[in-house]
Structure formats: C-alpha cells, structure tokens
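The exercises below are meant to be worked through with the sequence and the three-dimensional view side by side. Each task is followed by a solution that goes step by step.

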Amino acid sequence: MNAKDKFIQNYSWKILSFLCVVIAYTVGLVMKVPNDAKLNETIRNLYYHVPMWFGMTILLIVSLVYAIKYLSKPTAENDFYSSGFATTGVVYGILGIITGMFWGAYAWGTPWEMKDPKMIGVSIGMILYLAYFVLRGGIADTQQRARISAVYNVFAFPSFIALIYIMPRLAGFSLHPGKEGNPGLNPKDADAQMRIVFYISTVGVTLLGVWITLLQIRIKKILFNLENQQHNI
Amino acid sequence: MQLYKQIFILLNKEWLLEWRQRNTLNGLLLYVACAVFICYLGIGMKLEKISPGIWNALFWIIILFASVNAVSKSFLLERKGLSIYMYTLVRPQAVILSKIIYNALLMLIIALVALIFYSLVLGIPVQNKSAFILTMVLGAVAISSVFTMIAAIAAKAENSFTLMAVLGIPVVIPLFLLVLRLSKNAIDGLSYSVSVQDFAMLIALNAIYVALSVILFPFIGVNH
C-alpha cells in the first residue's frame with residue numbers, strides 16, 4: 001500500500017466525522033425549523049439528543065462483537081476493543097440522558113419523568129454496563145478479567161436490547177414521540193430538511209465515538225507494551 | 001457418558017449436599033418468613049387492606065431477593081479444587097444445566113412457601129388463580145436460571161456476594177417486569193388470552209438465557 005492510500009484510509013473518515021459534526025451542530029442552530037406549537041425551537045435538540053442513542057447502540061454492538069471475538073480468539077487487543085467501545089457507549093448514553101433532560105425540561109416541564117418507559121429502560125441499561133466495569137475492577141488477573149467480562153458482555157446483551165428496544169414497545173405509552181412508544185424514528189414525522197441534518201449529525205457523532213475509542217485503545221496498547229517491556233527487563 | 005446421565009448424577013449430588021447440611025435450606029425459608037413479616041409490619045398493619053398492585057410488587061421483590069440469596073451459594077461456596085476435579089469428570093454443559101435445574105427446583109419450593117406465608121399474613125387477592133400459579137412457576141424458573149449464570153460469573157471476582165446483586169439485578173429486570181405484569185393480570189382476573197403474548201415472551205427470553213448459559217459457561221469454568 002502506498003503512502004497516499006494509507007493517508008486516505010487513516011484520515012478520510014476522521015475528516016468526514018469532523019465535517020459532519022461541525023456542519024450538523026452549526027447548521028442545527030442556524031437553520032430555520034418548522035413551527036410547531038408544542039416543541040417550538042426545542043426541536044433543534046433532535047440533532048444533539050437522538051444521534052447519541054444511535055451512536056450508543058452502534059458502539060455497544062461493536063463492543064459485543066469484540067467480546068465474541070475475544071472468546072473465540074483470546075488476545076489482549078480484542079479485550080481492549082471490547083472494553084473501549086463499551087466505555088464510549090456508556091459515555092454516549094449518559095450524554096443522551098443529559099441532552100434529553102434539557103429537552104424534557106422545556107418540552108415536558110420536567111427534566112426527569114420517571115413514568116416514561118424509555119427513561120426507565122435506559123437508566124437500567126446504563127447500570128448494566130456500569131456493573132460490567134465494576135466486574136472488571138473486581139478481577140485482578142488480566143486474562144481472567146478479559147474472559148469473564150467478555151462472557152458478561154454477551155450474557156447481558158439480550159437484557160440490554162430488551163430494555164431499550166422491546167420494553168418501550170410493549171409498554172404502549174410514552175412521552176417520547178413515535179407510535180405507542182416505538183423507539184425507532186418515524187421518518188414521516190420529521191421535516192425533509194431536518195432529516196438530512198439529523199442523518200449528517202448521526203454519522204458524524206458515531207464516527208467521532210469510534211475515533212475517541214481508537215485513541216483510547218492506542219493509549220491502552222502503549223501502556224500494555226511498556227508494562228511487558230518492564231517485565232522482560 | 002451421556003449428557004443427561006451426567007446431569008442426573010450432578011443433580012443427585014446437589015440434593016445430597018443440601019440434605020446433609022439442611023441449615024442452608026432452613027435459613028432460606030426463615031429468610032422468606034422474615035421478609036414477609038417485615039412487609040406486614042411495614043405496610044399491611046398500617047392499612048386496612050393493601051391494594052393488589054402493592055401486594056404484587058412486594059411478593060415479587062421478596063422472591064427476587066430470596067432468589068439472589070438462594071442461588072448465590074451455588075458457585076460461591078464451592079472450593080476451587082473441587083470444581084477443577086469436577087471438570088475432569090463431567091462436561092461443563094452438564095455442570096451448568098444441573099445447577100440451573102437444581103436452582104429452579106429450589107426456587108419453586110421457596111416461592112411456594114413464600115406464597116403460603118404471604119397469603120396467610122396479607123391475604124390473597126388473586127382472581128385468576130391458575131394463571132398466577134403458572135406465572136409464579138415460570139417466573140421462579142426464569143429468575144433463578146439467570147442468577148445461576150450470574151453466580152458463576154461473580155464467583156470469579158473479588159467480593160462476589162455484593163457483585164452478585166449488582167450484576168444480576170439489571171440483567172433480570174426485563175424478566176422481572178414481564179412477570180410483574182403477568183401476575184398483575186392474573187390478580188385482576190384477566191383471562192389467558194390477554195397475557196398469552198407476555199407468556200410467550202417470558203418463555204422465549206428464558207430460553208435465550210439458558211442457551212447463552214450453556215454456550216458461555218465453558219469459557220468461565222475451564223482455564224484455557
């Protein structure tokens with residue numbers, strides 16, 4: 001592979017991510033939005049709040065994939081990827097809750113409405129992944145920690161999906177938009193122009209999450225290699 | 001040796017161990033009785049008649065915590081040497097399946113005793129009794145089978161008893177919510193046709209967890 005190809009492979013998606021986030025976050029504040037009596041200008045939060053959930057789901061699925069990969073081929077690298085993506089996924093989930101609280105404070109009159117099945121689901125989902133980190137903290141041996149936490153990651157995932165995507169549908173009521181608490185976005189609800197900005201924001205935020213995670217993994221790898229060198233000396 | 005034979009032998013071993021030191025089983029039954037009395041003293045005595053919603057929630061909370069206590073001992077109290085010896089004799093799938101079956105049976109007994117105590121102290125406002133019993137059976141089996149795998153995971157970490165609750169309760173919550181709704185339907189006397197979808201989902205989720213336990217347990221048990 002020549003230098004040019006390598007440059008494109010390494011930097012193109014980072015540039016894309018940067019541009020997408022900058023465009024979506026500035027255009028989101030500047031662009032005209034349809035006049036809705038209930039939501040008014042708070043509808044702009046669509047560009048900041050909803051992409052967080054898409055990003056979180058994608059990052060956590062990647063974490064699951066690396067956990068399965070670790071179980072079939074136990075290397076330190078797979079463990080770094082699995083735990084790294086889980087960390088960023090949880091950060092995105094917390095950011096999603098915070099942006100949602102701002103929206104809720106203006107649209108519903110309260111930042112935290114406990115009756116909403118999505119809020120219950122996501123708060124328990126976050127506890128699920130925080131427990132994953134507590135488990136990692138509780139095992140001293142690195143290989144054992146990687147293996148046991150990969151097992152928990154796979155075992156807990158059906159619960160996570162049930163909490164985020166199935167329970168809100170079955171609950172049949174929600175303050176969130178979408179038919180009967182359906183967590184998916186209904187494309188017909190959003191204005192065509194808004195939808196474009198929303199998609200750009202989703203792509204940008206997700207890629208940004210991947211970027212953050214890869215940086216974190218690089219730090220972990222360097223520390224890991226340093227430690228190994230010290231042992232060898 | 002075939003898998004079902006190994007499971008049968010391991011079940012027999014579990015039962016013998018339990019029977020020889022009956023204090024654990026007796027302790028669990030007393031735990032349930034204490035929890036029921038605390039519920040009565042805390043809520044039942046103050047109110048003339050507690051609402052079916054609260055009755056339902058309290059009952060299942062008692063079952064949930066009894067199950068954390070009952071299941072946690074299945075891996076945490078096992079000595080390391082013993083488990084290594086066991087894996088040379090039987091397949092890991094047989095170990096986890098026998099533990100799941102044993103814990104499910106144990107939880108069924110505990111749930112039944114809890115229901116008897118509970119209905120003696122706080123009354124039994126259930127209208128569709130058969131649906132409630134079915135929910136209780138399925139719920140106890142589902143909750144205990146999830147906790148069995150969690151106990152296996154938690155046993156590998158430090159301060160396992162705390163970790164058991166921390167890891168297990170978020171995982172079990174989707175099942176718990178389904179069970180709560182099913183038993184509320186049964187208390188309100190709704191027919192089976194209303195809750196058939198939830199029953200199917202409870203069974204499906206439980207099947208997923210048991211299958212995952214069987215697939216994942218070999219990675220925990222054996223150091224490779």
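**Exercise 1.** Is A:Phe224 buried, partly exposed or exposed?

*Solution.* Bear in mind from the start that this is a predicted model. The relative accessible area of A:Phe224 is 32%. Since buried means under 20% and exposed means over 50%, A:Phe224 is partly exposed.

**Exercise 2.** Describe the aromatic pairs that involve A:Tyr66 and A:Phe80, and state which parts of chain A they connect.

*Solution.* Begin with the whole structure, where a search over all chains finds 22 aromatic pairs. One of them joins A:Tyr66 and A:Tyr81, whose ring centres are 4.7 Å apart and whose planes make an angle of 15 degrees, so that the pair counts as stacked, the limit being under 30 degrees. Next, place the partners: A:Tyr66 lies in helix H2 (residues 46–72) of chain A and A:Tyr81 in helix H3 (residues 76–107) of chain A, so the pair ties together parts that are 15 residues apart in sequence. Both partners can then be checked for burial, which gives 19% relative accessible area for A:Tyr66, a buried residue, and 16% for A:Tyr81, which is buried as well.

Turn now to A:Phe80, which forms an edge-to-face pair with A:Phe224, at 5.5 Å centre to centre and with 80 degrees between the planes. This pair links distant parts of the chain, for A:Phe80 is in helix H3 of chain A, while A:Phe224 is in helix H6 (residues 192–232) of chain A, 144 residues away. A:Phe80 counts as buried at 11% relative accessibility, whereas A:Phe224 is partly exposed.

**Exercise 3.** Which residues are linked by ring pairs into a cluster with A:Tyr129?

*Solution.* Following the ring pairs from A:Tyr129 leads to a cluster that also holds A:Tyr132, A:Phe133, A:Phe157 and A:Phe160.

**Exercise 4.** Work out the overall build of chain B from its helices, its dimensions and its contacts.

*Solution.* First, count the elements: chain B has eight helices and zero strands, and along the sequence the pattern reads α-α-α-α-α-α-α-α. Second, compare the radius of gyration of chain B, 18 Å, with the value near 17 Å that a compact globule of 224 residues would have; the two agree. The C-alpha atoms fill a box of roughly 60 × 35 × 30 Å along the principal axes. Third, look at burial and contacts, where 50% of the 224 residues count as buried, and where residues 24 or more positions apart account for 84% of the contacts with a separation of 6 or more. Finally, chain B exposes about 10,500 Å², of which carbon and sulfur atoms supply 70%.

**Exercise 5.** Where are the charged ends of B:Arg22 and B:Lys99 placed, and what surrounds B:Lys73?

*Solution.* The charged end of B:Arg22 sits over the ring of B:Trp19, 4.6 Å from its centre, and that of B:Lys99 sits over the ring of B:Phe75, 4.9 Å from its centre. B:Lys73 belongs to helix H3 (residues 52–76) of chain B and is buried, with a relative accessible area of 19%. Leaving aside residues up to four places away in sequence, B:Lys73 touches B:Glu18, B:Thr24 and B:Leu106.

**Exercise 6.** Why does B:Cys39 not form a bond with B:Cys34?

*Solution.* The closest cysteine sulfur to that of B:Cys39 is in B:Cys34, and because it is 11 Å away, it is too far for a bond. B:Cys39 is buried, at 13% relative accessible area. Over all chains, the search finds zero disulfides.

Key:
Residues numbered from 1 in each chain as written. Chains lettered and ligands numbered in written order. Predicted model: local features only at pLDDT ≥ 70, side-chain atom pairs only at ≥ 80, totals over all residues. Heavy atoms only, no water. Helix = DSSP H or I, 4+ residues; strand = E, 2+ residues; numbered from the N terminus. Buried < 20%, exposed > 50% of the residue type's maximum accessible area, 1.4 Å probe, protein only. Contact = heavy atoms within 4.5 Å. Phe/Tyr/Trp six-rings, centres within 6.5 Å; stacked < 30°, edge-to-face > 60°. Lys NZ or Arg CZ within 6 Å of the ring centre and 35° of its normal. Rg over C-alpha atoms; globule rule 2.2 N^0.38 Å. Areas by Shrake-Rupley, 256 points an atom, 1.4 Å probe, with all protein chains shown as cover. Disulfide = S-S within 2.5 Å.
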